[in-house]
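Here are my notes for you to read alongside the model. Keep the 3D view open and click along as you go.

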Amino acid sequence: MAESEEIRLTKFKKGQEVWVEDKRNEEKMWQLGKVEEQGGLFVVVTTKSGALSLDLRQDSCFPVNPSDAADMTGLYFINEPGILMNLEARSLRDEAYTFMASVLVAVNPLKPLKNPDPKTIDPSVPHPFSVAENAFKQM
């Protein structure tokens, strides 16, 4: 399927929250918006900075996940802003580790975090101890 055909399949509902690329802001690349209307390959989105008319062949517009997840394969929408915002939300709660299937993703919290007791850690909780425990069990 060609890229342009994939984009045509994207349907947004009025009032749906979406991430739109903010080309003016170097620090925060994505901005939250709400769909006002969609007509074919064009969608009108309202953001903090005003209304934008986006051409889906050229502009990035992705649906927002309903919640964050400890394992990113559990995200409803797997896209660049969804992954970045999931990592940011978990990092702000001092949860520096996140799974992507069997891969452990670590975000440097820039401060010391308390380590759990390796004997009582839940193997489903994203942490290097749980990765080591799972690897040991599979030997």
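1. Let's begin at a turn. β2 and β3 form a hairpin that has two residues between the strands, and in this hairpin Gly40 takes a positive phi near 65°. Keep in mind as you look that this is a predicted model. Beyond the turn, β2 and β3 pair in the antiparallel sense, and six bridges link them. If you'd like a pair to click on, Gly33 stands opposite Thr47 in β3.

2. Now go one hairpin further along. β3 and β4 also form a hairpin, again with two residues between them. Strand β4 covers residues 50-55, and its pairing with β3 is antiparallel over six bridges. To find your place here, look for Phe42, whose bridge partner in β4 is Asp55.

3. Go back to β2 and look at its pairing with β1. These two strands are antiparallel partners over five bridges. Two pairs are handy landmarks: Trp19 has Leu32 in β2 as its bridge partner, while Val18 stands opposite Gly33 in β2. You've met Gly33 already, opposite Thr47 in β3.

4. Time to put the strands together. In what order do the five strands of the open sheet come? The order is β4-β3-β2-β1-β5, and the pairing is antiparallel. β4 and β5 stand at the edges with a single partner strand each, so each of them has one side without a neighbour in the sheet. The sheet isn't flat either: on average, neighbouring strands are turned by 40° against each other, direction ignored.

5. Next, the greasy part. Which residues make up the largest nonpolar core? There are nine: Phe12, Val18, Val20, Val35, Val43, Val45, Leu54, Leu56 and Cys61. β1 (17-21) and β3 (42-47) each supply at least two of the residues in this core. This fits a general habit: in soluble globular proteins, nonpolar side chains tend to be buried together.

6. Val35 deserves a click of its own. Leaving out residues up to four places away in sequence, Val35 touches Phe12, Lys13, Lys14, Gly15, Gln16, Val18, Val43, Val44 and Val45. Some of those names should ring a bell, since Phe12, Val18, Val43 and Val45 belong to the largest nonpolar core, as does Val35.

7. On to helix α2, residues 80-92. α2 has 13 residues and reaches 18 Å from its first C-alpha to its last, close to the 18 Å expected at 1.5 Å a residue. The helix lies across β1, β2 and β5, and it runs at about 145° to β2.

8. Which residues of α2 are buried? They are Pro81, Gly82, Met85, Asn86, Leu87 and Arg90. So don't expect just nonpolar names here: Asn86 and Arg90 are on the buried list too. The buried residues of α2 pack against β1, β2 (30-39), β5 (61-63), β6 (97-100) and β7 (103-106).9. Have a look at the start of α2 as well. Asn79 lies in the loop between β5 and α2. Is Asn79 buried or exposed? Asn79 is buried, because its relative accessible area is 8%, and buried means under 20%. A side-chain oxygen of Asn79 reaches to within 2.7 Å of the backbone nitrogen of Gly82. Leaving aside neighbours within four places in sequence, Asn79 is in contact with Phe62 and Pro63.

10. Finally, two residues with a positive phi to check in the loops. Asp94 comes just after α2, in the loop between α2 and β6. Asp94 is not a glycine, yet its phi is positive, at about 60°. With a relative accessible area of 38%, Asp94 is partly exposed. Ala101 sits in the loop between β6 and β7 and has a positive phi of about 65°, although Ala101 is not a glycine. Ala101 counts as partly exposed too, at 45% relative accessibility. Compare both with Gly40, the residue with a positive phi near 65° in the hairpin of β2 and β3.

Terms used
Residues are numbered from 1 along each chain as its sequence is written. This is a predicted model: local features need pLDDT of at least 70, side-chain atom pairs count only at pLDDT 80 or more; totals for chains, interfaces and linings use all residues. Side-chain values use heavy atoms; hydrogens and water are left out. A nonpolar core is a set of buried Ala, Val, Leu, Ile, Met, Phe, Trp, Tyr and Cys residues joined through side-chain atoms within 4.5 Å. Buried means under 20% relative accessible area, exposed over 50%, partly exposed in between (1.4 Å probe, protein chains only). Helices (H or I, at least four residues) and strands (E, at least two) are DSSP runs, numbered from the N terminus. Contact means heavy atoms within 4.5 Å. The expected span of a helix is 1.5 Å times one less than its number of residues. A polar contact is a pair of N or O atoms within 3.5 Å; within protein, one must be able to donate a hydrogen and the other to accept it, and residues adjacent in sequence count only if both atoms are side-chain atoms. Two strands pair if DSSP finds at least two bridges between them. Axes are lines fitted to C-alpha atoms, for helices over the stretch in contact, and angles run from 0 to 180 degrees between N-to-C directions.
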